[in-house]
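Here are a few notes to read alongside the model. Have the structure open while you go through them.

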Amino acid sequence: MNKNLSLAKILPIGLMLFSFFFGAGNLIFPPALGQMAGENLSLATLGFCISGVGLPLLGILAMAILDGDDPNELASPMCPAFGKAITILCALTIGPFFAIPRTCAVSFDTGILLLLPPGYETTGLALYSVFFFGLTYFLSVNPSKIVDNIGKIMSPLLLICLGILIFCVITNPMGDFQPANNVYKNAPFFKGFQEGYNTMDLLCTMLYGAATLKAIQSQGVTEQKQLTKVCIYAGIIAAICLALIYGALAYAGACSTAAFGIVANGGQLLNMISVHYMGFPGQVVLALIIFFACITTSIGLTTSISSYFNQLSGGRVLYQRFCIYICLFSLVVSNFGLNNIIKFSIPVICMLYPIVIAIVILNVGQSIFKRDKAIFRICLTLTTIFAIFDGLRAGGFDLRALDSLLTQYLPFFDVGFGWLLPCFGGILLGYLYRIVYPNK
């Protein structure tokens, strides 16, 4: 391939990366962030974009630098079993535990919920989830180009619909920004950064980074340095697109507080904003588009994760069986409702994300860290320990004396970043260990 990469070659790859990370489920978090951040919207949105956009793109870059298609290899200098365990946890998190059930709950809350009479919400969700995951299973075990075609059609339609909605919000705001709520008052950047975890896009790169790289290579980019360069340039294009959408949706949420007050979740809020500007027809159009976007995401995740576990079992458990298990488990979880899915996912994500961030940093810095076992082991051991503390704290567990001690002596622990110093301190300790024991 030519050393001088043309924009015509880079742009399609950047848009492909954008579509890889952009999902209907991600639409619900920026508006909710905007409502809570209020007057501190700028810092909160910046934090959200760094973790929700920047980190996933770094994850793709880490896979490109590794030049492999096995996500377990990212953490292999630490321990092969550790790498496999983290990949499995990521697969379950973006699969039947949270992300797949969330696709059903999001499409229900944005399309069906407000159409139901009071008192029928639980029954409605139960019936809808049976339909949703029945369709997911049928199309997952019967691969069809229909799903790909729906995805290719619905993504542009969703962007057009969002563009119209955002134009309405900017030209005719619903109200002024309100004072920030809760943690957004004192630490808007850090809270926004944590909210970006909810996109789960960084966890996706652990499992699907190789597939993205193959798609890039299919465009004629095969040489290692060029592959890394294209990832950077394409990543910038994808990051700009994602950041603009997230920023605009967060702005819409911040403007909506004066009109609606604090709404239970971003799905319901997006629906209410649509009705406010476009009336019932707008609500129906948005609901249909989000349904198709969610069902294609659900099918994509189900097929990918079923294939991963089928390979992990050495083919002993059939792909179709994994599809059944994932759909049935997701059906049950989806009936807890969107609010509870988000609530239960937060501690798990707050535990997993710091570990995956550390893995990505160590791999992106491969030219410096040389995939040294000592650096990997010390950094990831310390990061994992304190990430578990952060996860427990996010889950509302009372650590009492330990919580008080860590809040007092560990920087950023009180805002959910107790892993930060151990992560970079672990890298430094690993370097010192290598200097003292160069041959071990």
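**Notes on the second largest pocket, the salt bridges and a surface patch**

1. Let's start with the second largest pocket, which holds about 440 Å³ of space. Keep in mind that this is a predicted model.

2. Who lines it? Helices H2 (29-37), H8 (188-195), H11 (266-312) and H13 (338-364) are the elements giving two or more residues to the lining of the second largest pocket. H2 supplies the largest share, with five residues.

3. In total, 22 residues line this second largest pocket. If you want to look at the middle, go to Ala-32, Met-36, Glu-195, Ala-264 and Ile-342, which lie nearest the centre. As for chemistry, the lining of the second largest pocket splits into 13 nonpolar, six polar and three charged residues.

4. Glu-195 is worth a second look, since this residue also turns up in a salt bridge: its side chain meets that of Lys-191, at 3.6 Å from N to O. Both residues sit in helix H8, four residues apart, or about one turn of the helix.

5. Are the two partners in H8 buried or exposed? Lys-191 has a relative accessibility of 22%, so it counts as partly exposed. Glu-195 comes in at 16%, under the 20% cut-off, and therefore counts as buried.

6. How many salt bridges does the model have by this rule? The count comes to two. Besides the H8 pair, Arg-434 forms one with Asp-372, where the closest N and O atoms are 2.8 Å apart. Arg-434 belongs to helix H17, while Asp-372 is in the loop between helix H14 (366-369) and helix H15 (373-394), so this pair ties together parts that are 62 residues apart in sequence. Arg-434 and Asp-372 are both buried.

7. Now for the surface. Leu-428, Leu-429, Leu-432, Tyr-433, Ile-435, Val-436 and Tyr-437 make up a nonpolar patch there, and together they have about 690 Å² of accessible area.

8. One member of that patch, Tyr-437, is placed in the segment after helix H17 (420-436). With a relative accessible area of 38%, Tyr-437 is partly exposed, because the partly exposed class runs between 20% and 50%. Residues need over 30% to be taken into a patch, so the 38% of Tyr-437 is enough on that count.

Notes: Residues numbered from 1 in each chain as written. Predicted model: local features only at pLDDT ≥ 70, side-chain atom pairs only at ≥ 80, totals over all residues. Heavy atoms only, no water. Patch = residues over 30% accessible without salt bridge, like charges linked within 9 Å, V, L, I, M, F, W, Y side chains within 5 Å. Areas by Shrake-Rupley, 256 points an atom, 1.4 Å probe, with all protein chains shown as cover. Salt bridge = Lys/Arg side-chain N within 4 Å of Asp/Glu carboxyl O. Buried < 20%, exposed > 50% of the residue type's maximum accessible area, 1.4 Å probe, protein only. 1 Å grid on protein atoms, 1.4 Å probe; cavity = no way out; pocket = protein on both sides within 12 Å on 5 of 7 lines; lining within 4 Å. Points joined across faces, edges and corners; volume = space filled by probe spheres on them. Nonpolar A, V, L, I, M, F, W, Y, C, P; charged D, E, K, R; others polar.
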